Amino acid sequence: MKLSTLTLAATLAAGAAIAGPVAPADVVYTEDGAVEASLSGAPGDAANGAKVMTTKSLGNCVACHQITALSEAPFHGNVGPSLDGVADRWNEAELRGILSNAKATYEGTVMPAYYVVDGFTRPGNAYTGKAAEGPLDPLLSAQQIEDVVAFLSTLKEE
Ligand code: HEC
């Protein structure tokens, strides 16, 4: 019984590696910090991306960035640059990279890395095949990152 449980777990893990989202530790960055491949494999939903950006418990981007298209959101800080016209400055892969791990584009930035988990090699968990526990989840899911990339791609000046 123990063996069949292990076999099932291995099968599920193999399936997830093919069809599921790219795990934070497996994201491939270019030298400049861009991420070419979709994290989720599914197209982003721009409307949901806007929601992620203005929701305090999710992206909370408006705490640091002014965005005219989201001006109904309650607070716009100016720690970071305005994101108006950001799609004229960065392509999709670069935007995905900035979101996943801003530190790969801007060394030492205060912008959070939304798709990075630290210390994911946990001795106690290494042999169980269990998913990482709560505190190790990235700030945003693979699909939420794709949704935000889709929204940012609409921010063009001309
Ligand atoms: C704690 C503040 C903070 C938060 C929260 C934050 N950012 Fe940033 N962001 C920055 C700073 C600061 C920069 C400029 C890079 C630098 O010099 O450090 C930046 C840069 C950027 C850039 C490049 C901008 C340009 O015009 O070149 C994009 C795109 C961006 N952020 C998107 C986002 C999104 C989307 C979110 C939410 C998911 C977010 N940021 C959350 C601080 C923040």
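## A five-helix protein with an iron site

Ala150 sits in helix α5. The model that places this residue is predicted. Ala150 counts as buried because its relative accessibility is 18%, under the 20% limit for that class. Leaving out residues up to four places away in sequence, Ala150 touches Gly44, Asp45 and Ala46. One of these partners is remote along the chain. Ala150 and Gly44 are 106 residues apart in sequence, yet their C-alpha atoms are 5.2 Å apart in space.

**Overall build**

The protein has five helices and zero strands. From the N terminus, the order of elements is α-α-α-α-α. The protein has 158 residues, and buried residues make up 32% of them. Contacts also reach along the chain. Among those between residues at least 6 apart in sequence, 57% join residues at least 24 apart.

**Confidence**

The mean pLDDT of the protein is 85. A pLDDT of 70 or more is reached by 76% of its residues. Residues 119–124 have a pLDDT below 50. Beyond near neighbours in sequence, that stretch has five contacts in the model. Where pLDDT is low, the predicted coordinates should not be read in detail.

**The iron site**

Which protein residues donate to the iron atom of the ligand? They are His65, through NE2, and Met111, through SD. These donors lie 2.0 to 2.2 Å from the iron atom. The iron atom has six donor atoms, with angles of 87 to 178° among them, and its site is octahedral. His65 and Met111 link distant parts of the chain, 46 residues apart. His65 is in the loop between α2 (46–54) and α3 (86–89). Met111 is in the loop between α4 (92–100) and α5 (142–152). Both His65 and Met111 are buried.

**The second largest pocket**

The iron donors turn up again here. The second largest pocket has a volume of about 440 Å³. It is lined by 26 residues. Closest to its centre are His65, Pro81, Leu83, Ile98 and Met111. Three elements, α3, α4 and α5, each give two or more residues to the lining. Helix α4 gives the most, with three residues.

**Helices α4 and α5**

How many residues of α4 are buried? Seven of its nine are, so the rest of the structure largely encloses this helix. The buried residues of α4 are Ala93, Leu95, Arg96, Gly97, Ile98, Leu99 and Ser100. Their cover includes α3 and α5.

Helix α5 is largely enclosed by the rest of the structure too, because nine of its 11 residues are buried. Those of α5 are Ala142, Ile145, Glu146, Asp147, Val148, Val149, Ala150, Phe151 and Leu152. Their cover includes α2, α3 and α4.

Arg96 belongs to helix α4. Is Arg96 buried or exposed? At 2% relative accessibility, Arg96 counts as buried. Its contacts, apart from residues up to four places away in sequence, are Val35, Glu36, Ala37, Ser38, Leu39, Ile145, Glu146 and Val149. Of these partners, Ile145, Glu146 and Val149 are among the buried residues of α5. Arg96 and Leu39 are 57 residues apart along the chain, and 8.6 Å separates their C-alpha atoms.

**Two asparagines in loops**

Asn101 lies in the loop between α4 and α5. Met111 is in that loop as well. Asn101 counts as buried because its relative accessibility is 17%. Aside from neighbours within four places in sequence, Asn101 is in contact with Tyr29, Ala113 and Val116.

Asn60 is in the loop between α2 and α3, where His65 also lies. Asn60 has a positive phi of about 50°, although it is not a glycine. Most residues other than glycine have a negative phi. Asn60 is partly exposed, since its relative accessible area is 25%.

**Exposure of four residues**

The table gathers the accessibility values described above.

| Residue | Place | Relative accessibility | Class |
|---|---|---|---|
| Arg96 | helix α4 | 2% | buried |
| Asn101 | loop between α4 and α5 | 17% | buried |
| Ala150 | helix α5 | 18% | buried |
| Asn60 | loop between α2 and α3 | 25% | partly exposed |

Definitions and conventions:
Residues numbered from 1 in each chain as written. Predicted model: local features only at pLDDT ≥ 70, side-chain atom pairs only at ≥ 80, totals over all residues. Heavy atoms only, no water. Donors = N, O, S within 2.8 Å, 3.2 Å for Na, K, Ca; no water. Tetrahedral: all angles 85-135°; square planar, octahedral: opposite > 155°, others 65-115°. Helix = DSSP H or I, 4+ residues; strand = E, 2+ residues; numbered from the N terminus. Buried < 20%, exposed > 50% of the residue type's maximum accessible area, 1.4 Å probe, protein only. pLDDT = per-residue confidence, 0-100. Contact = heavy atoms within 4.5 Å. 1 Å grid on protein atoms, 1.4 Å probe; cavity = no way out; pocket = protein on both sides within 12 Å on 5 of 7 lines; lining within 4 Å. Points joined across faces, edges and corners; volume = space filled by probe spheres on them.
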